[in-house]
Each structure stands twice: as structure tokens, then as C-alpha cells.
Amino acid sequence: MTLLGGLLPAEVDELTSRMDLPRYRADQLLQAVHRECVEDVANIRQWPAQAREQLQSEGWETGLLPVIRTVVSDDGETTKSLLRLGDGTLVEAVLMQYPEEGKHPRSTVCVSTQAGCAMGCVFCATGQMGFERNLTAGEVVAQVLHFARFLRERGEHVTNVVFMGMGEPLANYAETIRAIRILTDPRAFGLGQRHITVSTVGVVRSIDRLASEGLQVGLAISLHAPNEELRQELVPTAGPTSVRDLLDAASRYFDATGRRVTFEYALIDGVNDSPELASELATLLRGRRTHVNLIPVNPTAGGYGRPARKRVLEFERILRDAGINCTVRVEKGTEIAAACGQLRTDDANQRQVNVTLVE
Ligand code: SF4
């Protein structure tokens with residue numbers, strides 16, 4: 001199976017020219033795949049039947065993947081889908097909606113870039129699954145197209161994409177960049193670059209590479225600890241100088257792109273949520289143009305607990321008092337295991353929950 005959604009517009013131009021079709025046929029194909037989100041090559045109604053048959057005989061599929069299951073949170077604002085890739089591998093993608101008064105809701109799709117993950121963060125359900133394989137750009141784009149189609153039926157559209165699902169996007173660098181270029185190309189999906197955020201647990205060399213791509217995408221770095229010792233405990237694959245290295249990489253990213261980097265900090269009860277660690281983090285970040293996103297850890301099989309609300313607010317207060325820009329992430333989709341660190345595709349995640357089945 002080859003997904004047309006994984007082609008850059010220039011490659012669609014090449015495809016149509018190889019098929020002896022005029023250039024406008026390329027735009028029609030891109031429109032059908034990325035704007036109309038058609039399910040089947042046979043349904044690309046703008047194309048002559050013979051050309052559609054040729055695409056089918058060459059094994060091309062549109063941009064979508066089969067949906068195994070979709071569940072919706074009780075408040076209707078979070079939707080999680082389990083999708084099947086061509087080789088049977090399963091991945092999860094999540095749609096989070098944030099109602100805005102008098103407007104369509106902000107609709108953010110959280111995509112997976114790998115099946116499983118090799119980084120092994122101790123509090124993360126995906127990390128506990130181990131690594132299966134990298135996704136192709138077409139498989140990443142397919143997750144966005146899946147929700148674009150879902151929203152289209154309601155007269156809404158995807159407003160943001162975050163690379164924060166299963167896997168470490170920068171460990172699948174080439175396909176991640178390719179997916180970003182397809183999603184942001186005006187001839188393809190056409191999302192603004194500033195509406196995309198890549199989240200990494202810290203692959204320093206790849207952060208520098210991303211900074212040199214000439215893209216305006218946001219960067220979020222998962223820090224989780226203000227010192228090396230604690231960070232290595234939580235992110236066992238982190239290098240021995242990872243905290244300092246990441247801060248420096250964030251500064252270089254800001255210098256190259258003008259985009260302020262967000263540091264994600266998963267707050268774990270009794271592990272990294274003390275006032276002393278908040279002060280240590282504040283000292284570390286003082287004077288740097290960053291934003292800290294505190295994420296009270298979500299329940300997963302790892303047995304790590306979420307701190308009491310009071311403790312979270314105290315951590316936030318210490319950072320704010322030190323002049324650090326800081327927010328606490330709004331919890332979404334916890335009951336359907338769609339929140340941060342909860343995505344996994346094996347049975348441990350498929351507990352019965354009170355949800356509405358869509359498909
Ligand atoms: S938090 Fe991210 S990088 Fe860490 S194991 Fe989970 S998916 Fe991988």
C-alpha cells in the first residue's frame with residue numbers, strides 16, 4: 001500500500017507527468033486527498049476513470065488508514081482513534097477540542113510518529129511497550145487526514161497538529177520533517193507552520209538540525225527534572241549531561257527560529273514535585289526565554305501517581321514568583337486513556353470505559 005497523502009506536491013507533479021496527465025490533474029489529486037479526504041482512489045471524481053484505474057493498479061491508496069476503533073470522552077472534547085497501518089501495526093491518534101466562544105473550537109490533532117517508543121520514560125505507557133517501528137510520513141499525515149475528515153462532516157477543521165503521540169519524532173527525523181512539509185504546503189494540507197509543535201524528549205543533534213530547516217514550527221522539550229541524576233532516573237536513555245545540553249539546544253533553537261521553546265515537566269507524586277525541585281528548576285531557567293508546561297502525570301500501568309492539586313499549584317507558584325513563564329496543562333481525555341503518556345496499543349490500554357463509540 002502506498003499512500004498518496006505521503007507525497008510532496010512536487011512528487012505528485014512527477015506522478016501525473018509520468019502518467020501523461022496535465023499539471024492541473026496534480027492539483028486535483030492533492031485537493032481530493034488533503035481537502036476532501038476521499039477514502040478511495042475510485043472516489044477521486046475529478047479524475048478520468050482510466051487514470052483512477054491506473055493509480056489503483058499501481059497500488060496507490062488515498063491518504064487514509066482503516067479505523068479499528070474510535071472512542072470519545074464523556075465531555076465530547078477528546079476523541080481517540082486506533083488506526084491500522086498497511087502491515088497490521090496499530091497506532092493511536094487523538095483529537096483534542098477546545099471550545100472558543102462564538103467560534104469553531106480549536107481542534108488539535110496529536111499524532112504518533114512511531115509504533116511504540118525506544119526512549120523508555122518510566123511514567124509513559126508507550127515507553128513501556130518498547131519500540132516496534134518508525135512510521136512513514138504518509139502514515140503520520142493519515143492520522144491528521146482521519147480527523148480532518150471527521151471534523152469536515154461537522155463543518156469544522158483541524159487548526160493545530162502536535163507531534164506528541166506515540167514515539168520520539170526526532171528519532172524518526174526524515175519522515176517527521178517530510179510529514180511537516182506535506183502538512184504545511186499550501187498545495188497539500190496547507191496548515192500554517194506556526195500551528196505545528198514538535199515535542200521531543202531531547203535528541204540534541206536533531207534539535208539543531210530542526211533549527212536549520214527554515215521552518216517556523218514550535219518546539220517542546222520534555223525536561224521532567226532540573227538535574228541530571230533525577231532526569232536519568234525518569235528518562236533512562238538521556239545522556240549524562242542532558243539537562244545542560246537541552247537548555248543550550250533550546251537557546252540555539254530560539255536564536256535560529258525566533259520561536260520560544262516550551263519545557264514540558266511531567267509532575268509525579270513524591271518523585272519530582274517538591275518545592276525544592278521547583279526552586280532548582282527556577283534557578284536553572286532564570287533569564288532564559290522559555291515557557292514551562294506542568295503536566296500532572298496521568299495514571300498508567302507504571303504505578304506513578306499524580307500529585308495533589310495543592311502541590312501542583314505550589315510548584316507553579318514558585319516558578320511564577322521567580323519570573324518563569326508557566327502554565328499547568330488542562331487535563332483532557334484521561335478516562336479514555338488518550339492523555340499524555342497514556343497511548344499504547346496493546347491490551348493494557350483497552351480497559352472498559354464510559355465512552356461513546358463512534359465507529
Ligand atoms: S514520553 Fe514520549 S519519548 Fe518518553 S517513552 Fe513516552 S512516547 Fe517515548
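**Exercise 1. The two domains**

How far apart do the C-alpha centres of domain 1 and domain 2 lie? Describe, too, how the two domains touch.

*Solution.* The model is a predicted one. Begin with the division of the chain, which gives domain 1 (2–61) and domain 2 (67–357). The C-alpha centres of these two domains lie 32 Å apart. Turning next to where they touch, nine residues of domain 1 are in contact with 15 residues of domain 2. On the domain 1 side, helix H2 (residues 24–35) gives the most, with three residues, and that side as a whole divides into five nonpolar, three polar and one charged residue.

**Exercise 2. The nonpolar core**

Find the largest nonpolar core, and state which helix gives the most to it.

*Solution.* The largest nonpolar core has 99 residues, and those with the most contacts inside it are Leu29, Val109, Val141, Val144, Phe147, Leu183 and Leu319. Helix H5 (residues 137–152) gives the most to this core, namely ten residues. The core also draws on both parts of the chain, with at least three residues from each of domain 1 (2–61) and domain 2 (67–357). A general tendency is in keeping with such a picture: in soluble globular proteins, nonpolar side chains tend to be buried together.

As a closer step, take Val144, and leave aside its neighbours within four places in sequence; the residues in contact with Val144 are then Val109, Val111, Val158, Val161, Leu183 and Phe189.

**Exercise 3. Helix H6 and Leu183**

Check the length of helix H6 (residues 173–184) against its expected span, and then decide whether Leu183 is buried or exposed.

*Solution.* Helix H6 has twelve residues, which at 1.5 Å a residue should span 16 Å; because its end C-alpha atoms are 17 Å apart, the model agrees with the expectation. The buried residues of H6 are Glu175, Thr176, Ile177, Ala179, Ile180, Ile182, Leu183 and Thr184, and they pack against strand S8 (131–134), H5, strand S9 (160–163) and strand S10 (196–200).

Leu183 itself lies in helix H6. To be buried, a residue needs 20 or more other C-beta atoms within 10 Å; Leu183 has 27 C-beta neighbours inside 10 Å and therefore counts as buried. With neighbours within four places in sequence left aside, Leu183 is in contact with Val141, Val144, Val161, Phe189, Leu191 and Ile196. For one of these partners, Val144, the C-alpha atoms of the pair are separated by 8.6 Å, although the two residues are 39 residues apart along the chain.

**Exercise 4. Two residues with positive phi**

Where are Cys37 and His224 found, and is each buried or exposed?

*Solution.* Most residues other than glycine have a negative phi. Cys37, which is not a glycine, has a positive phi of about 50 degrees, and it is found in the loop between H2 and helix H3 (49–57). Because 23 other C-beta atoms lie within 10 Å, Cys37 is buried.

His224 likewise has a positive phi, near 70 degrees, and lies in the loop between strand S11 (218–222) and helix H8 (228–234). With 27 other C-beta atoms within 10 Å, His224 is buried.

**Exercise 5. The shell around the ligand**

Which residues come nearest to the ligand, and how does the shell divide by residue type?

*Solution.* Of the twelve residues around the ligand, Cys117, Met119, Cys121, Cys124 and Gly127 come nearest. Sorted by type, the residues of the shell divide into six nonpolar, five polar and one charged.

Methods: Residues are numbered from 1 along each chain as its sequence is written. This is a predicted model: local features need pLDDT of at least 70, side-chain atom pairs count only at pLDDT 80 or more; totals for chains, interfaces and linings use all residues. A residue is near a molecule or strand if its C-beta atom, placed from the backbone, lies within 6 Å of it. Ala, Val, Leu, Ile, Met, Phe, Trp, Tyr, Cys and Pro count as nonpolar, Asp, Glu, Lys and Arg as charged, and the others, Gly among them, as polar. A nonpolar core is a set of buried Ala, Val, Leu, Ile, Met, Phe, Trp, Tyr and Cys residues joined through C-beta atoms within 7 Å. A residue is buried if 20 or more other C-beta atoms lie within 10 Å of its own, exposed if 12 or fewer, and partly exposed in between; C-beta atoms are placed from the backbone. Helices (H or I, at least four residues) and strands (E, at least two) are DSSP runs, numbered from the N terminus. Domain bounds come from an automatic or database domain assignment. Two residues are in contact if their C-beta atoms, placed from the backbone, lie within 7 Å. The expected span of a helix is 1.5 Å times one less than its number of residues.
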